[in-house]
Amino acid sequence: RMSFGSNPTCQKAWQHWATCAQDIASRHVRNKFNTHLGPLLLRAAAASGAGRRSGGELETVLALAGSDCADHEATASLMQSLVVAEMPASRIARVTSEDFSSLPVVSRCIASQLLCRSQVAHGRPEEAGAMDFVDAYKQESPSSQGLVVLIIERADAVPKDILRSALNSWGCACCDHSVPMMVIMTLQYPPQSRQELLEGDTLVPLRFMDAISLFDARTVCSELLECLMEDPQSPLPLAPQLFAWLWDLFTQKCPSVDHTLKALALLCLRLHEAGGPLAPVAAGQESAARDVASWWQRMCQSMGPVDALVCSTHALAAHESRVKRKCKFLATLCPQAQDDSNENGTPNTAVNLENLMSGLILKRSLKAVEQWPPERVLQLQQDLCATNIKLDGPLQKQLQLLGRPGLDAETLRQKILRWFEQLQARLWQPLVGESRSLFVASLAQADSATRDVEQQLACGTNVAASACFLPLAECGARAEADDSTLLYRVLEHASGRAIAVADLW
């Protein structure tokens, strides 16, 4: 829905970010489906093909598909496509919480999808019900009688009485006539009990086969930010504090991948208008911009091994998110807005690099490695080899040679220490001259950009929103809640634990 007009730089960066998000999220859901839900469906389909029925029970699977409505809808849609691809002979119907206005409405919605390939004896498919589908199903050849899959999207937001009635109607119709059926309920939040989910019992017993997590927004958002951090596809790298802000926005205010993408889109426009990293490079600065991009790639290459070293030597660091650890690491390496040289003529960036990185991270971590037993040294070597994918050729080759059999622990320890010294000498070269000035100028736009985007997203302190909702909050104290339109909007969007103010209008 975001239009970038005549900003090709923003358009290119945004298309890359959106494509990365789609690829990461779809790969995440596919892996979960192939690991958990796919085998359950295949076993149910094989049992139905062999003539084995569920014994009067309705097989049910609970699937967490994201707490945000947009994330949830995208996950449910992809899951439906995966079910169709995995079992083309199956019958699939997908209904959302909005379809459960009444039992006849949801029954017609389910039957119309299941009967799309069949003819109804009387009337039209959109007017059919559960028994119409059963009659049409029994008239088909055995080879065409596949598994029936009913997907109930956002089942925790469905009225409980209508949900039980729909399960009773379709469960009795299918179980009484030996029609194999599986119900998949996608949920925004895990229920505490069966009572919370259904608020009562169904006529047909539900046999819960499994409860799985199809979509983990935290994992997807973390992987997305790490990917964009290392491959920004912008004229200049984005400031590390922008990624830290995006992560805090996700974890503390709105745990939604869709909301994070909205923030990224707004950042595109803001950083383009303010002359930040997404602004076109001025004439004559193309070479400096290429030097900055090359320098940034070298910094990102070194993040994996250093992160593995820090997590191995500092127990608390391993419990912090990878995004925050990498942001802190890159922020320490970034040049600061200060004079280019000190009294010795040495660039201050080099001094910062030596003091902050070598002194506080490498030297302290490598000092701990010197005290390790041989088993931990070998484990560190394995961890480092697992993170060397993005290293340049010589460093990667030297690290692989450390895994040669026959090396004693002390020799391996010394080789690891020398390898990190080579990594620092090869990759951690400071920016100087015009390249440094260009990058420092782009970093200065980060704080103002986040403030503007927060106001546009209505995710920070909003005086107008607070004044608008104050009568509802203080109803009975000093004011009457007579704005029924506002109250209706609140209740309409109250399917989760939070409501974005921007979604109310």
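Is tryptophan 428 buried or exposed? In this predicted model, tryptophan 428 has a relative accessible area of 2% and is therefore classed as buried. Its ring is paired with that of phenylalanine 329 in a tilted arrangement, with 5.9 Å from centre to centre and 55° between the planes. Phenylalanine 329 is likewise buried, at 7% relative accessibility. The two partners come from distant parts of the chain, 99 residues apart: phenylalanine 329 belongs to helix α11 (residues 322-333), whereas tryptophan 428 lies in the loop between α15 (409-427) and α16 (433-443). Eight aromatic pairs were counted in total. Elsewhere, ring pairs join Phe133, Tyr137 and Trp170 into a cluster.

The nonpolar interior was examined next. The largest nonpolar core comprises 103 residues, and Trp17, Leu37, Leu41 and Val149 have the most contacts inside it. Helix α1 (residues 8-49) makes the greatest contribution to this core, supplying 14 residues. When residues up to four places away in sequence are disregarded, leucine 41 touches Phe33, Val83, Met87, Leu147, Val149, Met182 and Ile184. A separate core of 37 residues lies apart from the one containing leucine 41 and includes Leu58, Phe100, Val134 and Ile152.

Arginine 94 provides an example of a charged residue in a buried setting. This residue is located in strand β2 (residues 91-95); because its relative accessibility is 18%, under the 20% limit, arginine 94 counts as buried. Its side chain forms two of the polar contacts described here: one of 3.2 Å with the side chain of glutamine 80, and another of 2.9 Å with the side chain of glutamate 153. Beyond neighbours within four places in sequence, the surroundings of arginine 94 consist of Glu73, Ala76, Ser77, Gln80, Gln113, Ile151 and Glu153.

Backbone geometry was also considered. Most residues other than glycine have a negative phi. Arginine 154, which is not a glycine, nevertheless has a positive phi of about 50°. Arginine 154 is placed in the loop between β3 (148-152) and α5 (160-176) and is buried, with a relative accessible area of 10%. A positive phi, near 55°, is also found at glutamate 199, in the loop between α6 (194-198) and β5 (206-213). Glutamate 199 has a relative accessibility of 47% and is therefore assigned as partly exposed, whereas arginine 154 is buried.

Note on methods. Residues are numbered from 1 along each chain as its sequence is written. This is a predicted model: local features need pLDDT of at least 70, side-chain atom pairs count only at pLDDT 80 or more; totals for chains, interfaces and linings use all residues. Side-chain values use heavy atoms; hydrogens and water are left out. A nonpolar core is a set of buried Ala, Val, Leu, Ile, Met, Phe, Trp, Tyr and Cys residues joined through side-chain atoms within 4.5 Å. Buried means under 20% relative accessible area, exposed over 50%, partly exposed in between (1.4 Å probe, protein chains only). Helices (H or I, at least four residues) and strands (E, at least two) are DSSP runs, numbered from the N terminus. Contact means heavy atoms within 4.5 Å. Rings of Phe, Tyr and Trp (its six-membered ring) pair if their centres lie within 6.5 Å; planes under 30 degrees apart count as stacked, over 60 as edge-to-face and the rest as tilted. A polar contact is a pair of N or O atoms within 3.5 Å; within protein, one must be able to donate a hydrogen and the other to accept it, and residues adjacent in sequence count only if both atoms are side-chain atoms.
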